[in-house]
Amino acid sequence: MFPPSIFDGHHLLDMTHKTPETELDMIRDEEFESKSGTDIMEAPSGDDQDPNQRPKKKRYHRHTQHQIVEMEAFFKECPHPDDKQRKDLGRRLALEPLQVKFWFQNKRTQMKAKHERHENTQLRNENEKLRSENIRYKEALSNATCPNCGGPAAIGEMSFDEQHLRIENARLREEVIIGATIQNKMQFLLQFSVGF
């Protein structure tokens, strides 16, 4: 009725009776296959492998407060210990050199992330400061007046030197007016004092 190739290999419907032990074994197998490589110990290879023995899960290890304090102090002196230093430190703290190596890797990564967060905060603050300064300058430019006529200045249309010369000319004009006013007053006072 059905071609024989449909049910070869993987069975779409498995009608066999399963015991609780075989179902538990299947669940364990699925969990074992879904774990990442860091969660399970490396299985022996080749002839050393026992087909009935499953690889053991890695035991999660927390460092003691004493170990952390010692490694922190060593990290301040030397953030990149060599093999010999890691072995000595591991021997003193009852840790494997690989554990010491990974602790230092993690600590360097943690310090780098902390430094980057601090740098980002500083850059964000500096950026905000520059943005507010830019807004102030834009407002000042929009409110700028021409020193000659008192009207709105067309700053974008003239060069910096031209702007500087115009400002200097306006200042000199004011000085000439003040000088002329003083001269007129002096002449008046002279005429007034001569008349008496």
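Contact is defined here as heavy atoms within 4.5 Å. The model is predicted; local features need pLDDT of at least 70, side-chain atom pairs count only at pLDDT 80 or more, and totals for chains, interfaces and linings use all residues. Residues are numbered from 1 along each chain as its sequence is written, and side-chain values use heavy atoms, with hydrogens and water left out.

Q67 was examined for its surroundings. Leaving aside neighbours within four places in sequence, Q67 is in contact with H61, L93, A94 and L95. Q67 is found in helix α2. Helices (H or I, at least four residues) are DSSP runs, numbered from the N terminus. With a relative accessibility of 7%, Q67 counts as buried. Buried means under 20% relative accessible area, exposed means over 50%, and partly exposed lies in between (1.4 Å probe, protein chains only). The side chain of Q67 also reaches the backbone nitrogen of T64, at 2.8 Å.

The nonpolar core was considered next. A nonpolar core is a set of buried Ala, Val, Leu, Ile, Met, Phe, Trp, Tyr and Cys residues joined through side-chain atoms within 4.5 Å. The largest one has 8 residues: M71, F75, L89, L93, L95, V100, W103 and F104. Three elements give two or more residues to this core: α2 (65–77), α3 (83–93) and α4 (97–142). Helix α4 gives the most, with 3 residues. One core member, W103, touches H63, I68, M71, E72 and F75, when residues up to four places away in sequence are not counted.

Aromatic rings were then compared. A pair of aromatic rings is described by the distance of the centres and the angle of the planes. Rings of Phe, Tyr and Trp (for Trp, the six-membered ring) pair if their centres lie within 6.5 Å; planes under 30 degrees apart count as stacked, over 60 as edge-to-face and the rest as tilted. The structure holds 4 such aromatic pairs. F75 and W103 form an edge-to-face pair, at 6.4 Å centre to centre and with 85 degrees between the planes. This pair links distant parts of the chain, as F75 is in helix α2 and W103 in helix α4, 28 residues apart. Both F75 and W103 are buried. F75 also pairs with F104. That pair is tilted, with 6.0 Å centre to centre and 40 degrees between the planes. F75 lies in helix α2 and F104 in helix α4, so the pair ties together parts that are 29 residues apart in sequence. Both F75 and F104 are buried. Ring pairs link F74, F75, W103 and F104 into a cluster.

Charged side chains were treated separately. A salt bridge is a side-chain nitrogen of Lys or Arg within 4 Å of a carboxyl oxygen of Asp or Glu. By this rule there are 7 salt bridges. One of them joins the side chains of E72 and K107, at 3.0 Å from N to O. E72 lies in helix α2 and K107 in helix α4, so this salt bridge ties together parts that are 35 residues apart in sequence. E72 counts as partly exposed, at 27% relative accessibility. K107 is buried, with a relative accessible area of 12%.

R171 takes part in a salt bridge with E168 and in another with E175. The side chains of R171 and E168 meet at 2.3 Å, N to O. These two residues are 3 apart in helix α5 (residues 160–195), so about one helical turn separates them. The R171 and E175 side chains meet at 2.4 Å, N to O. R171 and E175 are 4 residues apart in helix α5, and again about one helical turn separates them. R171 is partly exposed, with a relative accessible area of 38%. E168 counts as partly exposed at 29% relative accessibility, and E175 counts as partly exposed at 45%. Elsewhere, salt bridges that share partners join K84, D88 and R91 into one network.

A further residue, R86, is found in helix α3. At 14% relative accessibility, R86 counts as buried. R86 touches P81, P97, V100 and K101, with residues up to four places away in sequence not counted.

Note on methods
A polar contact is a pair of N or O atoms within 3.5 Å; within protein, one must be able to donate a hydrogen and the other to accept it, and residues adjacent in sequence count only if both atoms are side-chain atoms.
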